[in-house]
Each structure stands twice: as structure tokens, then as C-alpha cells.
Amino acid sequence: GFGSFETNELYSILIKKDTDKTVIRNGESFKVQLRVVNVNDFDITNLVLSDEIPDGYEIKDVSDSVKIVNGVLTFNIDKVGMYETKLIEYTLVTKKENFKGITYLKPAKLSYKDKEFYSEGVLLINDLLPSEKVFVQKEIKYIDEDYAKVTITVKNLGNYQVENLLISDI
């Protein structure tokens, strides 16, 4: 959702951070979108929008002139017109050695008139889907009251050969 702020000066600005993907495999790129919406009947000027690149990710492409210092992108926005939306996009790519699990993209920060305001953060799921996918099915066919035939079927549904597979039946 949007983060927003209002002040006694009667201005209102919405800021939203979003991504084009929520599940990301290692080495895959994705876009981050930052939207600044001026919900006023006047222009706002001299805004600074900054966003941190999390560990394990690197910048691949950015839409506007940007400063990158210590993993923080800084965008200078000269003007957002009344009822206008300013969109800034950049592309991140996960590094091959990136960890698996969930990454929290911290909120983007907007500075305006010596105040700081924040969007909501974004959760990303990293490479939880295995490259080896195996289907296992157990079928029990009763022959009589004392005996049963047990069939275990194993199918490789992945793209790679599966080796040293251990199947345990309790």
C-alpha cells in the first residue's frame, strides 16, 4: 500500500514502493517501482527520494540520473505537479551466492521541506523452489488379510538428473 503524510501546511504526498515479482530465483532480475503522488492543488518541488539496495542484490538498470553511495540510491526530483504521479524504476539482480529465504526491501525514504517520510517495505521470496523436483507415490494393494503389495513410484519432474536419492518408508 501507500505510505502517506499530511502536515499543517495542508500538503499531502503519497509514496509507494512495489516490485514486478514477489518470488525470485538466484541470478534473476526484477524491477522496483517507486511512485510519488502529489495529492495537492499545487506543485511540490525539491524532493529527494532514497532507497537502499539490500545485501545480496546489485543494481542493473535505473530510470533516472541517480547517485549511488554505500548501497543507497538517491533520486533528486525537481518537481511533481499538482495531482501528478512521478514514477522511478530501477532493476535489481540477485547475486548467485545469495541466500535462500525471504528478503525485506526496506521502505523508500522521501525528504521534503526538512522532513522525512517513508513508503511501506516489500517482501521477496528468494529461490525456495528447488531445481530438482521429485514426485513420490506409494500404492498399497492388499492381496489377502496377511499380505499386501507395496509399490513406490518415483518420478523426476525437474530439469536435472537426480542422484543419491534416499526414500524412507515407515
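This section describes the overall make-up of a predicted model, its confidence, and a nonpolar patch on its surface.

The protein contains 15 strands and 0 helices. Of its 170 residues, 31% count as buried. The accessible surface amounts to about 11200 Å², and carbon and sulfur atoms account for 49% of this area. Among contacts between residues at least 6 apart in sequence, 63% join residues at least 24 apart.

The mean pLDDT of the protein is 83, with 85% of residues reaching 70 or more. Confidence is highest in strand β5 (residues 44-52), at a mean of 94, and lowest in strand β1 (residues 3-6), where the mean is 47. Over residues 4-8 the pLDDT stays under 50, and the model has 10 contacts beyond four places in sequence for this stretch. Where pLDDT is low, predicted coordinates should not be read in detail.

A nonpolar patch lies on the surface and is formed by V134, V136, I140, Y142, V150, I152, V154, L165 and I167. Together these residues have about 780 Å² of accessible area. Strands β14 (134-142) and β15 (148-156) each supply at least two residues of the patch. The greatest contribution comes from β14, with 4 residues. V150, one of the patch residues, is found in strand β15. The relative accessible area of V150 is 45%, so this residue is classed as partly exposed; the value also satisfies the requirement of over 30% for patch membership.

Notes
Residues are numbered from 1 along each chain as its sequence is written. This is a predicted model: local features need pLDDT of at least 70, side-chain atom pairs count only at pLDDT 80 or more; totals for chains, interfaces and linings use all residues. Side-chain values use heavy atoms; hydrogens and water are left out. Patches are made of residues with over 30% relative accessible area and no salt bridge: like charges are joined within 9 Å, nonpolar side chains (Val, Leu, Ile, Met, Phe, Trp, Tyr) within 5 Å. Accessible areas come from the Shrake-Rupley method with a 1.4 Å probe; for residues, only the protein chains shown count as cover. A salt bridge is a side-chain nitrogen of Lys or Arg within 4 Å of a carboxyl oxygen of Asp or Glu. Buried means under 20% relative accessible area, exposed over 50%, partly exposed in between (1.4 Å probe, protein chains only). Contact means heavy atoms within 4.5 Å. pLDDT is the predictor's confidence in each residue, from 0 to 100.
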